[in-house]
Number of protein chains: 2
Amino acid sequence: MRHLKIYEMIEAVHWAGSIRKAAEDMNITASALNRRIQAFEKEFGADVFERLPRGMRLNTAGELLLRHIRFQRQDFTRVQSQVIDLSGVRRGHVKIACSQALLPYFLPQQISLYRSEFPGVTFSVKVRDRIQAELDLSTFESDLALVFEPVHMVDFEVLHAVPQPIMAVMSQDHPLSTQPELRLRDCLDYDLVLPDRQYGVRFLLEQAAKRLRRNLEPILETESFEMVRHYAAYGKSIGFQIPVGLNKVARPELAYIPLAERDVAVGELLLGHLRGRTLPVAALKFASQIATALHN
Amino acid sequence: MRHLKIYEMIEAVHWAGSIRKAAEDMNITASALNRRIQAFEKEFGADVFERLPRGMRLNTAGELLLRHIRFQRQDFTRVQSQVIDLSGVRRGHVKIACSQALLPYFLPQQISLYRSEFPGVTFSVKVRDRIQAELDLSTFESDLALVFEPVHMVDFEVLHAVPQPIMAVMSQDHPLSTQPELRLRDCLDYDLVLPDRQYGVRFLLEQAAKRLRRNLEPILETESFEMVRHYAAYGKSIGFQIPVGLNKVARPELAYIPLAERDVAVGELLLGHLRGRTLPVAALKFASQIATALHN
DNA sequence: AGAGGTGCTGCAAAATACGCAACGATTGGC
DNA sequence: GCCAATCGTTGCGTATTTTGCAGCACCTCT
């Protein structure tokens, strides 16, 4: 879009930090880029960047403008996709930021299901923890977020929420594997495999441990949920995961046992988008499919 | 703003109905305008206008685009005004759509009060009935609406609501002028001066009359609230108005008596804006001033 | 059938954007 | 303390884009 090129230029300068680098990124000369930025600032009525000896940085006005630019572009592409959808062909692109837990089973299945009906729709999935996912929404880098126990919740509009009790994951021959429900204090006697502190599962477990006046001392702490699940198959260790990230059929050698609700609070898996946004048609439809899938 | 000129062109063609007329409005040639529209449609990926023998008309895609254009422009000017406000000078422009009742006393007083604090802020006030006011908001022709008993209420976000009982207006020597409260059936014995059917006051009176199994048969029906008030001074006629449109000091020769609540429902005067919009700073501040003024 | 509309298109002129080279200023390292 | 490496900025000649003019083909209403 020619008429939005100046916006791309501003974003490029913001990203690169200097006119010369941005100019190289855009395959034009620095002088041309410089003059267009200057012309825009003159028209706009105020400077957008502050000129530092080492480059350019957005000033307060620029930050406000950048927010507008991002929103504007997202809304424009939304209109475009709506128009394309008007002609009957179901096309589109859905950008999702989600927890790791959704990656192995849930999302692949849902995306595949959706694409079986609308093969023209493509997806991009970004793995984000619960803080970064909300950030992703606010910069329009994602349309939807599907996260466990998000943090800030400002500007996060919830489309659907499902309770997700935390499950203990262990091998079938583990001493506790026959219990219908596990107390947290029983788990603490075994080797614990925990996700890093930024994750919601860990957060809820820490809270619960604090109530027991105990500390969580994992033998393995990792940012990979996959590793948590796989390591739990070895020895007498216990991993933790939420139900949506588990699949009994795929891993029959593992036992999944819920933690007692009176010990560990039941978390919420939330599907949402940026407050006030109008989602692209494809994202909206996919969201409603997700919602019904989670409901069952 | 050079880069938004194509949007102006599209709006101009939409407004004028043909390229040649729009070109004349914009002081350019039809060929230039034509080519820019064609170039935009090519980039956009779809036609925006349908070509009729008598001119151009927006197609469905064009309607969607037009909504985006209007929102985009409003948001851009909002950013501009925020940036200007950043530099300390309190400037801005507030566009209000309001009921006639607010014109004589309430709004002039409020605008004057606001401007005494922020002389750099200017106003435009449009008189709109309760249907058109909501339409005005949705096309971004007004920032705020202040209306009595609005109709659709979709996309209308209420900032403040005040109950407004309907008042009977008559001369001081009217037989009913000494009552503390009036029954509707007593009023019906006299000459009635009523506003047209599109107004909220009339609507509530009609509803009340229907419950009494009576018809309203006004001797004078007008779209001018001013005329209602003034005519009530003559003879034994009775006019109707809401409290915010009345001022005892300015018109001491008139008596204002509330109608009994059990006869006529109390209406609501609503201050609101388009749902999902971020208002300009000036409009937001003025709205909060209005809200506190209405509260007392 | 003609008059008055419409959108559209070559072609040349005007306006605009661009690339190149150079300037002044500041920073970081030797 | 100086030199190399950045940075943003500007003058100038050249490309590129946009515009205005005139004319074409089409349609509608009288």
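Start by selecting helix α6 of chain A, residues 130–138, and colour Arg130(A), Ala133(A), Glu134(A), Asp136(A) and Leu137(A): these are buried. Now look down the helix axis. The five sit on the same side of α6(A), because the arc they cover is only 155 degrees. This is a predicted model, by the way, so keep your confidence colouring handy.

What lies over that buried side? Show β3 (91–98), β4 (120–127), β5 (144–148), β6 (156–164), α8 (200–211) and β12 (267–274) of chain A, which are among the elements covering the buried residues of α6(A). Then step off the end of the helix to Phe140(A), which follows α6(A) and has a positive phi, near 65 degrees.

**Zoom out to chain A**

Select the whole of chain A and switch to cartoon. You should find ten helices and twelve strands. The C-alpha trace spans about 70 × 50 × 30 Å along its principal axes. Of the 296 residues in chain A, 33% are buried. If you like contact maps, try one here: among contacts with a separation of 6 or more, 72% are between residues 24 or more positions apart.

**Bring in chain B**

Next, superpose chain A on chain B. A turn of 179 degrees with a shift of 0.0 Å along the axis does the job, and the RMSD is 0.1 Å. That is how a two-fold axis relates its copies.

Now select the contact between the two chains: 24 residues come from chain A and 24 residues from chain B. On the chain A side, the elements giving two or more residues are α3 (30–44) and α4 (60–86). Highlight α4(A) in particular, since the largest share of that side, 15 residues, comes from this helix. Colour the chain A side by class and you get 13 nonpolar, eight polar and three charged residues. The copies meet through the same surface, because 100% of the interface residues of chain A are interface residues in chain B too.

**Along DNA strand C**

Show DNA strand C and the 21 residues around it. Which come nearest? They are Ile28(A), Ser31(A) and Pro53(A) from one chain, with Ser18(B) and Ser31(B) from the other. To see where the surface near strand C comes from, pick α3 of chain A plus α2 (19–25), α3 (30–44) and β2 (55–58) of chain B; each supplies at least two residues. α3(B) gives the most, with five residues. By class, the surface near strand C divides into six nonpolar, seven polar and eight charged residues.

**Over to DNA strand D**

Hide strand C and show DNA strand D. Of the 21 residues around strand D, the nearest are Ser18(A), Ser31(A), Ile28(B), Ser31(B) and Pro53(B). Two or more residues each come from α2 (19–25), α3 and β2 (55–58) of chain A, and from α3 of chain B. Here the largest share, five residues, belongs to α3(A). Colouring the surface near strand D by class gives six nonpolar, seven polar and eight charged residues.

**Helix α1 of chain B**

Now select residues 5–16 of chain B, helix α1. Put a distance on the first and last C-alpha: this twelve-residue helix reaches 16 Å, close to the 16 Å expected at 1.5 Å a residue. Its buried residues are Tyr7(B), Met9(B), Ile10(B) and Val13(B). They share one side of α1(B), because their arc around the axis is only 160 degrees. It helps to remember that an α-helix has 3.6 residues a turn, so residues three or four places apart point the same way.

Turn on α2, α3, β1 (49–52), β2 and α4 (60–86) of chain B to see what the buried residues of α1(B) pack against. Right after α1(B) comes Gly17(B), with a positive phi, near 90 degrees.

**Last stop: Arg91(B)**

Finish at Arg91(B), in strand β3 (residues 91–98) of chain B. Is this residue buried or partly exposed? It counts as partly exposed, because it has 15 C-beta neighbours inside 10 Å, while 20 or more would be needed for buried. Add Ile84(B), Gly120(B) and Val121(B), which Arg91(B) contacts once neighbours within four places in sequence are left aside. Then draw one more distance, from Arg91(B) to Pro119(B): the two are 28 residues apart in sequence, and 7.8 Å apart from C-alpha to C-alpha.

Notes
Residues numbered from 1 in each chain as written. Chains lettered and ligands numbered in written order. Predicted model: local features only at pLDDT ≥ 70, side-chain atom pairs only at ≥ 80, totals over all residues. Contact = placed C-beta atoms within 7 Å. Helix = DSSP H or I, 4+ residues; strand = E, 2+ residues; numbered from the N terminus. Nonpolar A, V, L, I, M, F, W, Y, C, P; charged D, E, K, R; others polar. Near = placed C-beta within 6 Å. Buried ≥ 20, exposed ≤ 12 C-beta atoms within 10 Å, placed from the backbone. Least-squares fit on C-alpha atoms with pLDDT ≥ 70 in both. Expected span 1.5 Å × (residues − 1). Arc of directions from axis to C-beta.
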